[in-house]
Amino acid sequence: MKIPNRNKLLVACVGLVLSAMPALAHHSFAAEYESKDLVTLTGVITKVEWTNPHIYFYIDVKDASGNIVNWAVEGYPPNTLKRTGFTRDDLKIGDKVTVTAYRAKDSTTRLAGREVTFPDGSKKFAGPAGAQ
Amino acid sequence: MTGSARYLAIAVCSATLTCAATIPRTVDGKPDLSGVWQSGGVSLYGEPGLGTRPAAPPPVNPPPKREPLPYQPWAETRSKTFTPADDPDLRCLLAGIPRITSMPMPFEIIQTPKKIVITYESYHAFRLIPINDKLQHPNDLVPTWMGDSVARWDGDTLVVDVTGFNDKTWLSGTGSFHSEDLHVVERFQLNSDDTITYTATVTDPKVLTKPWVTGALLRRPPNTRVEEYECNENNQDAPHMDVKK
């Protein structure tokens, strides 16, 4: 019995690696966002859309010329965020947050949010890593 | 089997790896597949590589490794004409079978002696699957996104036969189209480590050279119930797909 069990465990380990690979739903990340163009922006939340298939929140960010630009930050679906500990109440209009996010391929002011740093310094993931 | 008995059984099985009989069963003796299941995603496994969830132990019965689709030459060529902008799921359409099983969202299996019901969070899909030992489908089928499912028990494995598909879904990744002749045989095998090994054998003689086998390991996501996912509520992504034909 020992040898089959060892083989079984080996096969099991290979299976785990395969099953742990990230799965995508709804849309291709790579077709919409630059997975290697991670930017960090600090701004004030102006609007929150806690919606499917993805949440969006919008932040006013001052650019290099001093102009205010409103960026849309896309995140996981609401249920996924709730299950990972990121709730709707975490995003408050008027709060100043720092966001790491991936630029849109079409050069619009859309971002795929990765991590949000809240006013108290705590951090939560809002969306997937670009390498996925 | 009570919850504590189930977990005791899992503990014993984990220690020995020789525990074929220690799975929960319904009153009629069938493996009890009831409950919420999920095949992947951050809400099941946590952030990849960051250890935000305890690592799952290796499964006792891993699913088959997914191979590339064995397309006929003309189908291979056609497959490459599609881009992510053509993905039916981008427009919130039903994901079809077997693709819906790999969505990173939970689904619930409700089991009775005569019928299996599967309710998917993704795209609000549902399947009402009669137990029918002859695997007989209705004779008035019109092609649909999720097809028509009937099931039988093969020992301790639930076998689901699915046909009656339209040709609008994808089987897995970008461009994985099929014809209306698609036929899927799914196998759900409940394991002693409280996982389900899911295997789907896909045949489509119009586009494939041979059957294609894919699979997934289903786990119970912690503290999770199937909830609403109204995908068309705020679907902004489609116009922003930057793809080249």
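Select chain A of this predicted model and colour the chain by secondary structure: 2 helices and 6 strands should appear. Trace chain A from the N terminus, and its elements follow the order α-β-β-β-α-β-β-β. Of the 132 residues of chain A, 31% count as buried. Consider next the contacts in chain A with a separation of 6 or more: 55% of them involve residues 24 or more positions apart.

Now turn to chain B and select strands 1 to 4. These 4 strands form an open sheet in the order 1-2-3-4, with antiparallel pairing. At its edges are strand 1 (35–37) and strand 4 (126–130) of chain B, each of which pairs on one side only. From one strand to the next, the twist averages 20°.

Within this sheet, select residues 107–111 and 115–120 of chain B, which are strand 2 and strand 3; 5 bridges pair them in the antiparallel sense. Which residue of strand 3 is the bridge partner of B:Ile109? The partner is B:Ile118.

Proceed to strands 5 to 9 of chain B. Here 5 strands form an open sheet in the order 5-6-7-8-9, and the pairing is antiparallel. Strand 5 (148–154) and strand 9 (212–218) of chain B each have a single partner strand, so one side of each is left without a neighbour in the sheet. Direction ignored, neighbouring strands of this sheet are turned by 20° against each other on average.

Finally, select strand 5 together with strand 6 (residues 157–163) of chain B: the two run antiparallel and are joined by 7 bridges. Show the side chains of B:Asp154 and B:Thr157; B:Asp154 stands opposite B:Thr157, which lies in strand 6.

Definitions and conventions:
Residues numbered from 1 in each chain as written. Chains lettered and ligands numbered in written order. Predicted model: local features only at pLDDT ≥ 70, side-chain atom pairs only at ≥ 80, totals over all residues. Pairing = 2+ DSSP bridges. Axes fitted to C-alpha atoms, helices over the stretch in contact; angles between N-to-C directions. Buried ≥ 20, exposed ≤ 12 C-beta atoms within 10 Å, placed from the backbone. Contact = placed C-beta atoms within 7 Å.
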